[in-house]
Amino acid sequence: MATGHAFRRLARRMLSNVPESTVYGGPRPQEAAAARRVTVTTLRGKHRRGEPITVVTAYDYPSAVHVDSAGIDVCLVGDSAAMVVHGHDTTLPISLDVMLEHCRAVARGASRPLLVGDLSFGCYESSSTQAVDSAVRVLKEGGMDAIKLEGGAPSRISAAKAIVEAGIAVMGHVGLTPQAISVLGGFRPQGKTVDSAIKVVETALALQEAGCFSVVLECVPAPVAAAATSALKIPTIGIGAGPFCSGQVLVYHDLLGMMQHPHHAKVTPKFCKQFGNVGSVINKALSDYKQEVETRSFPGPSHTPYKITATDVDGFANALQKMGLGEAADAAAAAAENSENDGKPSENS
């Protein structure tokens with residue numbers, strides 16, 4: 001049964017790039033309407049109806065399963081994995097090959113959301129050809145439905161256009177673009193002056209013209225995000241951009257309050273609301289585990305499920321004696337006796 005479920009999940013994921021109203025028909029998952037796979041067409045419909053779009057950035061199989069179960073619209077596999085998962089101070093070090101590993105893990109865990117994979121720094125800047133080649137890998141090798149790229153320089157606009165023309169859906173990203181911190185002078189909010197605000201709107205419009213289906217607005221003032229959202233015909237996804245965007249995105253670890261380490265506190269943005277305090281729960285669980293191991297209260301009988309009959313214990317002990325392992329034979333016999341009683345080792349064990 002479990003194998004069948006895994007096969008159906010994989011099959012749904014493999015069909016993730018098939019349009020909802022495909023010309024050729026083909027197999028369709030027999031799922032309830034609420035569980036149908038989210039596509040770019042789904043997002044357009046939500047945007048048209050004025051329904052907010054939910055996006056969560058996740059990097060691995062367990063988090064993808066949670067995102068899927070929660071009914072989130074879009075799961076973004078972000079290059080922020082460099083900071084959140086790999087412990088770097090910026091997003092720059094992560095490679096496309098490492099990103100593809102994260103993409104594959106997420107694709108195995110999430111069958112319902114639209115899956116978007118980041119193009120990492122260094123894999124699309126040289127030329128439109130390089131950008132298309134990298135985007136193709138994200139879909140073919142990473143199992144994603146679309147890609148996201150940062151920035152609005154003419155070369156980025158050309159790259160976005162080329163990727164769309166290659167048949168790949170593209171999400172743009174303007175405002176604070178972490179891959180450009182060398183030029184921006186760090187993780188600095190954008191759109192705080194007239195010229196900068198106009199540039200945010202103009203860049204978003206250029207990405208729309210290039211064929212992007214959506215644009216992320218990161219770390220810009222709410223009025224700027226509102227203006228961009230109003231000017232565009234495609235949905236905006238805000239992150240630190242106020243409540244007037246078409247949707248919102250937060251990082252899985254951030255919104256759960258998962259990590260309490262000083263490094264993570266350093267890279268957790270001011271705009272992030274913690275919807276949980278999972279980090280404290282994790283810390284307590286680890287502390288409890290450590291204590292129970294040290295006091296020998298774990299594992300107890302309920303977590304020692306595998307049994308051997310008394311007859312086989314005797315035979316095993318005799319065999320050990322013949323091997324010259326008398327102490328081992330005594331240990332096996334003592335363990336069997338303890339298992340019949342409270343299951344706990346003696347103080348001298």
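In which sense, left-handed or right-handed, does α9 pass α10? Keep that one in mind; Exercise 3 works it out. One thing before you start: this is a predicted model.

**Exercise 1. Place His-173 and decide whether it is buried or exposed.**

Step 1: find the element. His-173 sits in strand β5, which covers residues 169-175.

Step 2: check the accessible area. The relative value for His-173 is 4%, and the cut-off for buried is under 20%. So His-173 counts as buried.

Step 3: look for a polar partner. A polar atom of the His-173 side chain lies 3.2 Å from the backbone oxygen of Leu-176.

**Exercise 2. Follow strand β6 (residues 214-218): work out which way its side chains point, how covered it is, and what it pairs with.**

Step 1: sort the side chains. In a regular strand, side chains alternate between the two faces of the sheet. Here Ser-214, Val-216 and Glu-218 point one way, while Val-215 and Leu-217 point the other way.

Step 2: check the burial. Five of the five residues in β6 are buried, so the strand is mostly covered. That goes for the residues pointing either way.

Step 3: take the β5 side. β5 and β6 pair in the parallel sense over five bridges. To see one of the partners, pick Val-174: its bridge partner in β6 is Leu-217.

Step 4: take the β7 side. Strand β7 (residues 236-239) pairs with β6, again in the parallel sense, over four bridges. Across this pairing, Val-216 stands opposite Ile-237.

Step 5: trace the connection. From β6 the chain runs through helix α10 (residues 222-231) and on to β7, and this β-α-β crossover is right-handed.

**Exercise 3. Describe how helix α9 (residues 194-210) packs against α10, then do likewise for helix α7 (residues 154-165) and α9.**

Step 1: start with α9 and α10. Their axes come within 9 Å and cross at roughly 30°.

Step 2: classify the angle. Angles under 35 degrees count as roughly parallel, so α9 and α10 are roughly parallel to each other.

Step 3: add the handedness. α9 passes α10 in a right-handed crossing, which settles the opening question.

Step 4: move to α7 and α9. Here the axes come within 8 Å, with a crossing angle of roughly 25°. By that cut-off, α7 and α9 are therefore roughly parallel to each other.

Step 5: finish with the sense of this crossing. α7 passes α9 in a right-handed crossing.

Technical notes:
Residues are numbered from 1 along each chain as its sequence is written. This is a predicted model: local features need pLDDT of at least 70, side-chain atom pairs count only at pLDDT 80 or more; totals for chains, interfaces and linings use all residues. Side-chain values use heavy atoms; hydrogens and water are left out. Helices (H or I, at least four residues) and strands (E, at least two) are DSSP runs, numbered from the N terminus. Buried means under 20% relative accessible area, exposed over 50%, partly exposed in between (1.4 Å probe, protein chains only). A polar contact is a pair of N or O atoms within 3.5 Å; within protein, one must be able to donate a hydrogen and the other to accept it, and residues adjacent in sequence count only if both atoms are side-chain atoms. Two strands pair if DSSP finds at least two bridges between them. A crossover is right-handed if, with the strands pointing away from the viewer, the path from the first strand over the helix to the second runs clockwise. Axes are lines fitted to C-alpha atoms, for helices over the stretch in contact, and angles run from 0 to 180 degrees between N-to-C directions. Angles under 35 degrees count as roughly parallel, over 145 as roughly antiparallel, 65 to 115 as roughly perpendicular and the rest as oblique. A crossing is left-handed if the near helix is turned anticlockwise from the far one by less than a right angle, and right-handed if clockwise.
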